[in-house]
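Trainee: I would like to work through this protein with you step by step, beginning with its overall make-up and then turning to its details. Could you guide me through it?

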Amino acid sequence: MSKILVVEDEKNILELVRFNLEREGYEVISTTDGACGLEMVREELPDLIILDVMLPGMNGLEVCRELQQDSATRFIPVIILSARAEELDRVLGLEMGADDYIVKPFSPRELVARVKARLRRSVLIEIRDEEKLAGRVLEIGRLVIDEEKYAVYLSGVKQDLTQKEFELLCYLARRRGKVFTREQLLAQVWGYDNPVDSRTVDVHIRHIRQKLEPEPGVCELIETVRGVGYRFKEDT
Ligand code: CA
């Protein structure tokens, strides 16, 4: 049974979420305070977090950022709850490592569907499945990707990638030579069926390049395919 942490200060929304998730058989733990939510994540290590943006103590985006910086919590999927007026927060949340967002008001059915989809797509599960098909350590030239340890090495030196950068790199590296559009990458790596902003992909690719391609302008790993998208070079 999956354990879900809900961090929401509006009691009626919290109860609505709790009721619907419990009815689906999930174990629900909750808090109305951001800082307390962060503490609970670290203590309880839930399988998924539903996080409101506007919270007392510490706002949802700050919580997201903190989770992202901790190797014990960075791979826990986060679904952001956001009011319509907080559109900027949604984009920021995704940049800070959230996996999905739901706009208030939302239907309980939509929420449950998103939670199910997110748990199904959980990176950990996906990578475990892929490990059955392939080796756990991917060696490409000077680059070594250890999926079990979520570590990337360049010429033997460990590189510090964020969760999404790591997932994007793995996804492309496992499918070397194949071109993907930004929309495909958003769907596969972020799990979006309706992509909001494909520039998110560009930002992440740029960060990966900065970290793994030390010579500016010299493409070593990920090629931009003009008018289409990106591809991991076949012969590195
Ligand atoms: Ca709130």
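Mentor: Let us begin with the overall make-up, keeping in mind that this is a predicted model. The protein has nine helices and twelve strands.

Trainee: What share of the residues of the protein count as buried?

Mentor: A residue is called buried when its relative accessible area is under 20%. Applied to the 236 residues of the protein, that cut-off gives a buried share of 49%.

Trainee: Which residues coordinate the calcium ion?

Mentor: The donors sit at 2.1 to 2.3 Å from the calcium ion, and in sequence they follow the spacing D-x42-D-x1-M. Two of them are aspartates that offer OD atoms, while the methionine offers its O atom, and so the residues asked for are Asp9, Asp52 and Met54.

Trainee: How many residues apart in sequence are the parts that the pair Asp9 and Met54 ties together?

Mentor: Asp9 belongs to the loop between strand S1 (3–7) and helix H1 (11–23), whereas Met54 belongs to the loop between strand S3 (48–52) and helix H3 (60–68). Because the two residues lie in these separate loops, the pair ties together parts whose distance in sequence is 45 residues.

Trainee: Does Met54 count as buried or exposed?

Mentor: For Asp9, the relative accessible area is 30%, which makes that residue partly exposed. A residue must be over 50% to be called exposed. Met54 has a relative accessibility of 52%, and therefore it counts as exposed.

Trainee: Which residues of helix H2 are buried, and what arc do they fall within?

Mentor: Helix H2 covers residues 34–44, and its buried residues are Gly34, Gly37, Leu38, Met40 and Val41. Seen down the axis of H2, these buried residues line one face of the helix, because they fall within an arc of 160°.

Trainee: Which elements are included in what covers the buried residues of H2?

Mentor: The cover over the buried residues of H2 involves strands as well as a helix. Included in it are S1, strand S2 (27–31), S3 and H3.

Trainee: What is found at the start of H2, and which residue just after H2 takes a positive phi?

Mentor: At the start of H2, a side-chain oxygen of Asp33 comes to within 3.0 Å of the backbone nitrogen of Ala35. Just after H2, a positive phi of about 40° is taken by Leu45.

Trainee: Where is the cis peptide bond that leads to Pro105, and what is its omega?

Mentor: Pro105 is placed in the loop between strand S5 (100–104) and helix H5 (108–121). The bond runs from Lys104 to Pro105 and is cis, with omega near -5°.

Trainee: Which residue in the loop between S8 and strand S9 (157–159) has a positive phi, although it is not a glycine?

Mentor: Another residue with a positive phi, of about 50°, is Tyr150, in the loop between strand S7 (143–146) and strand S8 (151–154). In the loop between S8 and S9, the residue whose phi is near 50° is Ser155.

Trainee: How far apart are the C-alpha atoms of Cys170 and Ile145?

Mentor: Cys170 lies in helix H7 (residues 163–174) and, at 5% relative accessibility, counts as buried. Leaving aside residues up to four places away in sequence, Cys170 touches Ile145, Glu147 and Arg175. Although Cys170 and Ile145 are 25 residues apart along the chain, the separation of their C-alpha atoms is 7.6 Å.

Terms used
Residues are numbered from 1 along each chain as its sequence is written. This is a predicted model: local features need pLDDT of at least 70, side-chain atom pairs count only at pLDDT 80 or more; totals for chains, interfaces and linings use all residues. Side-chain values use heavy atoms; hydrogens and water are left out. Donors are N, O and S atoms within 2.8 Å of the metal (3.2 Å for Na, K and Ca); water is not among the atoms, so sites may look incomplete. Helices (H or I, at least four residues) and strands (E, at least two) are DSSP runs, numbered from the N terminus. Buried means under 20% relative accessible area, exposed over 50%, partly exposed in between (1.4 Å probe, protein chains only). The arc is that of the directions from the helix axis to the C-beta atoms. Contact means heavy atoms within 4.5 Å. A polar contact is a pair of N or O atoms within 3.5 Å; within protein, one must be able to donate a hydrogen and the other to accept it, and residues adjacent in sequence count only if both atoms are side-chain atoms.
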